[in-house]
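User: I should be grateful for a close look at a single part of this structure. Please explain how that part is placed and what lies on either side of it.

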Amino acid sequence: MDEPTHILITGGAGFVGSSLALAFRTERSHATVTVVDNLHRRGSEKNLERLTDAGVRFVKGDVRRRGALVNVGPCDLIVDCAAEPSALAGVDGSPRYAIDTNLVGTVNALEAARDRGARLLFVSTSRVYPYTRLRVLPLETGPCGFYLGTPAPCRGCSNSGINEEFPLNGARTLYGATKLCSELLIREYAEMYGIDAVVLRCGLIAGPWQFGRTDQGVVALWVARHLFGDGLTTIGFGGRGDQVRDVLHIADLAHLVLKITADFGVFAGETFNVGGGADNAVSLRTLTEICRDVTGRTIPVGSDPRTRPGDIPWYVTDARRIHAAADWRPRRSVRDTVVDVASWMHRRRDRIERLFS
Ligand SMILES: NC(=O)c1ccc[n+]([C@@H]2O[C@H](COP(=O)([O-])OP(=O)(O)OC[C@H]3O[C@@H](n4cnc5c(N)ncnc54)[C@H](O)[C@@H]3O)[C@@H](O)[C@H]2O)c1
């Protein structure tokens, strides 16, 4: 065991970063935790109070800027969570913000790690797997949405989901491309400079303190619309809500990150798929039913059959490698996640409702 003593989290006011910062403060109270964030994401400012109350140091900074991570104090572990995390980034305009944050920001994190001899935990994404390949999987439609028609149609894909062997050639969205480019640079820094790094390719993560939008954070958006009114639209793939994702509760991700960072040397150099897995996979239609049940409210759900650029009909994480390596399994179901999100929103309604309009 070699636990970090000074932890730096980029994008640490965001959903994932703030949740990990607080988990470190709770479970590793001997460690200092500093978060750097430019508060670009609407809602991230709402996390500042709970971060500072827990003793997390907040530094307002922009990871696109070279040197942004230079004068932020000592660190022996960097957790890179700063991102423009939308798969639609760049669709309606310049891709520059996403490239500068997601890729240049990671280079700046790597440089900070190189300067200090720190370790790097990179929160990557399942979006590194090309949508052009995911879209041509042989899918059938059942009462619970899409499912694989052939048990193992190609390398890296089975009824257990997509594993790390899934082919990487094809288009993957700008978001996915910036993350994969970052992964490649991380590998080179690891080889050339001996930086210990772990890459977690995460599927859909959800939980309290996520300020979901129509282009990112679907569970939070779905619950918010059920609780606060306003309708929803299922977009793409015929517009029936058949598309499927597996859901990982943020607390389960935090549990995994604590395990990995407590024994970093064991995991260094590895890339893992991380997600809720086949047991926690739901279609949008099923998510709507769960939201109705949990909130006791039924809202109009419209339909738009047109598929958005880069969207995928089915993604389920095959996380068996990390299950075995870390002796870790998600504990919370999709319903547990919806209950937790709804309860957070209910309690905080006055302060957060407008962020979901
Ligand atoms: N939420 C998910 O479902 C999910 C799934 C897979 C991977 N991820 C990855 O997890 C990480 C965190 O995502 P999230 O869901 O917490 O998103 P988020 O938008 O809530 O958090 C990202 C944070 O980065 C900050 N940020 C953006 N640009 C910045 C810049 N130039 N300088 C400094 N800070 C900047 C934002 O203000 C925000 O607080 C991302 O790397 C994302 O790719 C998230």
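**Strand 5 and its surroundings**

Analyst: Strand 4, helix 3 (residues 96–116) and strand 5 form a β-α-β unit, and this unit is right-handed. The model is a predicted one. Strand 5 comprises residues 119–125, and the description below is centred on this strand.

Consider the pairing with strand 4 to begin with. Strand 4 (residues 77–80) runs parallel to strand 5, and four bridges join the two. Within this pairing, D80 is found opposite F122 of strand 5.

Strand 5 also pairs with strand 10 (residues 197–202), again in the parallel sense, and six bridges connect them. Here L121 has V198 of strand 10 as its bridge partner.

How many residues of strand 5 are buried? Seven of its seven residues are buried, and the strand is thus described as mostly covered. The cover extends to both faces of the strand. On one side stand R119, L121, V123 and T125, while L120, F122 and S124 occupy the other, and every one of these residues is buried. F122, the residue opposite D80, and L121, the partner of V198, therefore belong to opposite faces of a strand whose residues are buried, a term that denotes under 20% relative accessible area.

One further contact concerns R114, which lies over the face of Y193, at 5.0 Å from the ring centre.

Notes. Residues numbered from 1 in each chain as written. Predicted model: local features only at pLDDT ≥ 70, side-chain atom pairs only at ≥ 80, totals over all residues. Heavy atoms only, no water. Buried < 20%, exposed > 50% of the residue type's maximum accessible area, 1.4 Å probe, protein only. Pairing = 2+ DSSP bridges. Right-handed = clockwise from strand over helix to strand, strands pointing away. Lys NZ or Arg CZ within 6 Å of the ring centre and 35° of its normal.
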